[in-house]
Amino acid sequence: MKLTFLIALGIYLAVFIGISIFDSKNIKGFNDYSVAGKKQSTFAVIMTLLATIIGASTTIGITDTVNSIGFPGIWWLLFGAIGLILQSFVLSERVRSLDADTLPHLAGKIVGKPAEVILALIIVISWVGVIAGQLVAMNSLITFAVGKSSKVIFMIVSLIVIAYTIAGGQLSVVKTDKVQLFIIFAGILICCIYLYFVKGGDTASVVDNVELLNSNYRVSNLFTQFFVIGGVFFLGPDIMSRNFLSKNEKTAKRSALVAGIILMVYAVLITFVGMWVKYNVTPEQLGDSSALMYVVGILPRAVSIILIFGLLSAILSSTDTCIINASSIFVKDILRKDSVAAVRVTVAIIGAISFALALLGRGDIMSLLTGAYTIYTPGVIFPLLVAILAYRRNGVRPGIWLTAVAVGGAVGILGTYMPNVFNYLGVPLGVLPYITIIGMGFSLLIAIFSVKK
């Protein structure tokens with residue numbers, strides 16, 4: 001397995017390096033490098049959108065969640081799909097018509113430069129943790145595949161990912177996403193078919209426990225995740241970055257809708273993989289392994305290799321997107337430059353910082369991602385939605401609007417990282433799980449008040 005994996009990994013990465021070198025010759029300026037020329041077709045946008053979504057959190061993370069709480073673990077992805085579908089009907093055409101390059105750039109167009117900068121800072125700082133989380137998952141996958149921890153292999157793969165992102169930018173990311181998405185779906189589909197129709201086991205218990213709510217996942221969880229997770233898929237920087245790549249408004253709208261429907265199908269497949277583990281593998285058998293890594297270990301070698309590269313593709317397709325988006329935002333919206341060279345340097349810097357954090361191994365992908373979401377969601381989602389809907393009508397008052405972002409973001413930061421502050425203020429413990437929703441409520445009310453009459 002080790003030798004086979006390393007040979008396949010070498011070929012896999014060589015293909016991506018080749019694509020990036022080819023695309024680097026077609027880059028004429030910032031527009032080509034950071035938004036792929038804004039000329040991508042519906043098929044290309046759907047593929048890159050799904051590849052961006054399906055990363056470590058929606059493969060390894062979801063199966064672990066399902067193994068822990070049961071079938072309701074599917075809601076993470078279902079709310080993501082709902083967010084995409086709502087985006088298609090409410091936002092996609094509006095956003096694309098503004099011809100922005102990044103989400104903060106969009107805020108700058110409709111609210112003003114201060115809004116652009118503050119959103120850029122929130123996104124860049126939060127998304128370094130997301131990138132680090134993806135790399136942590138990649139390191140775990142490499143360790144499993146080679147049979148031991150190898151910082152050398154991890155470093156080489158990380159450097160190659162950063163290198164092909166530096167060389168080809170979004171043009172390469174869009175092309176590699178197509179290859180990666182095919183491998184992702186092939187791996188998960190073949191795995192699911194093998195577990196239920198070849199391996200067998202206690203599939204009756206799986207069917208008997210298909211439920212949308214249980215003692216581990218209640219209505220309160222449903223309410224919270226709808227806004228926190230659904231909100232990021234509705235108006236998140238990585239999701240919206242795919243809108244900016246599309247060639248026109250109709251392409252953006254169709255892509256979000258179709259991607260949302262396909263994501264629901266994927267949600268069912270990955271959830272049933274987690275359910276098989278829950279009812280066929282004891283905690284003693286699982287040990288410290290993640291649910292999906294355990295499955296990889298019991299599959300036939302050929303199927304195992306396909307699934308490993310499916311997982312690797314999922315991780316890399318999200319990682320390169322996050323790196324190029326965060327870097328483009330830093331250069332475009334904070335440095336206020338349209339410089340390909342500056343974005344390339346920033347990709348190297350953000351990649352290096354994220355790699356260093358991943359080596360420290362601080363946190364798993366779900367905790368890192370949820371931490372980023374609980375800051376971004378209360379501070380940005382509703383204020384930006386209100387500003388988009390109010391644009392070309394009355395507009396918003398920038399000072400009050402920025403207060404909405406600051407209040408929502410502050411509540412999110414305190415609730416996630418300094419909950420003792422709320423205890424000191426006498427906030428009941430039962431309220432703390434809903435602090436992100438409360439932050440969203442505050443930011444929404446203030447944002448509505450910011451709309452000019």
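Which residues does Phe-330 touch, not counting residues up to four places away in sequence? In this predicted model, the answer is Val-124, Leu-335 and Thr-346. Phe-330 itself sits in helix α16, which covers residues 301–334. Is its side of the story a buried or a partly exposed one? With a relative accessible area of 28%, Phe-330 comes out as partly exposed, because buried would need a value under 20%. If you want a sense of distance, pick out Lys-25: 305 residues separate Lys-25 and Phe-330 along the chain, and their C-alpha atoms are 24 Å apart.

Now for a pair of helices. Find α4, residues 57–69, and α13, residues 249–280. Their axes lie 8 Å apart, and the two helices pack at an angle of about 50 degrees. That angle falls outside the ranges for roughly parallel, antiparallel or perpendicular, so α4 and α13 are oblique to each other. As for handedness, α4 and α13 make a right-handed crossing. On the α4 side, the contact is made by Thr-58, Thr-59, Ile-62, Thr-63, Val-66, Asn-67 and Ser-68. Facing them from α13 are Tyr-266, Ile-270, Thr-271, Val-273, Gly-274, Met-275, Val-277 and Lys-278. What is the mix of nonpolar, polar and charged residues in this contact? Seven are nonpolar, seven are polar and one is charged.

Stay with α13 and step back into the loop that joins α12 (237–245) to it, and you reach Ser-246. This serine has a relative accessibility of 0%, so Ser-246 counts as buried. Who keeps Ser-246 company, leaving aside its neighbours within four places in sequence? Its contacts are Lys-38, Lys-39, Gln-40, Val-45, Arg-96, Thr-251 and Ala-252. Two of those, Thr-251 and Ala-252, have numbers within the 249–280 stretch of α13.

Last, the cysteines. How many disulfides does the count come to? The count is zero. Take Cys-191 as a case to check: the closest cysteine sulfur to its own belongs to Cys-192, at 6.8 Å. A disulfide needs the two sulfur atoms within 2.5 Å, so that pair is too far apart for a bond. Cys-191 is also buried, with a relative accessible area of 0%. Cys-322 is buried as well, at 4% relative accessible area.

Methods. Residues numbered from 1 in each chain as written. Predicted model: local features only at pLDDT ≥ 70, side-chain atom pairs only at ≥ 80, totals over all residues. Heavy atoms only, no water. Axes fitted to C-alpha atoms, helices over the stretch in contact; angles between N-to-C directions. Helix = DSSP H or I, 4+ residues; strand = E, 2+ residues; numbered from the N terminus. Parallel < 35°, antiparallel > 145°, perpendicular 65-115°, else oblique. Left-handed = near helix turned anticlockwise from the far one by under 90°. Contact = heavy atoms within 4.5 Å. Nonpolar A, V, L, I, M, F, W, Y, C, P; charged D, E, K, R; others polar. Buried < 20%, exposed > 50% of the residue type's maximum accessible area, 1.4 Å probe, protein only.
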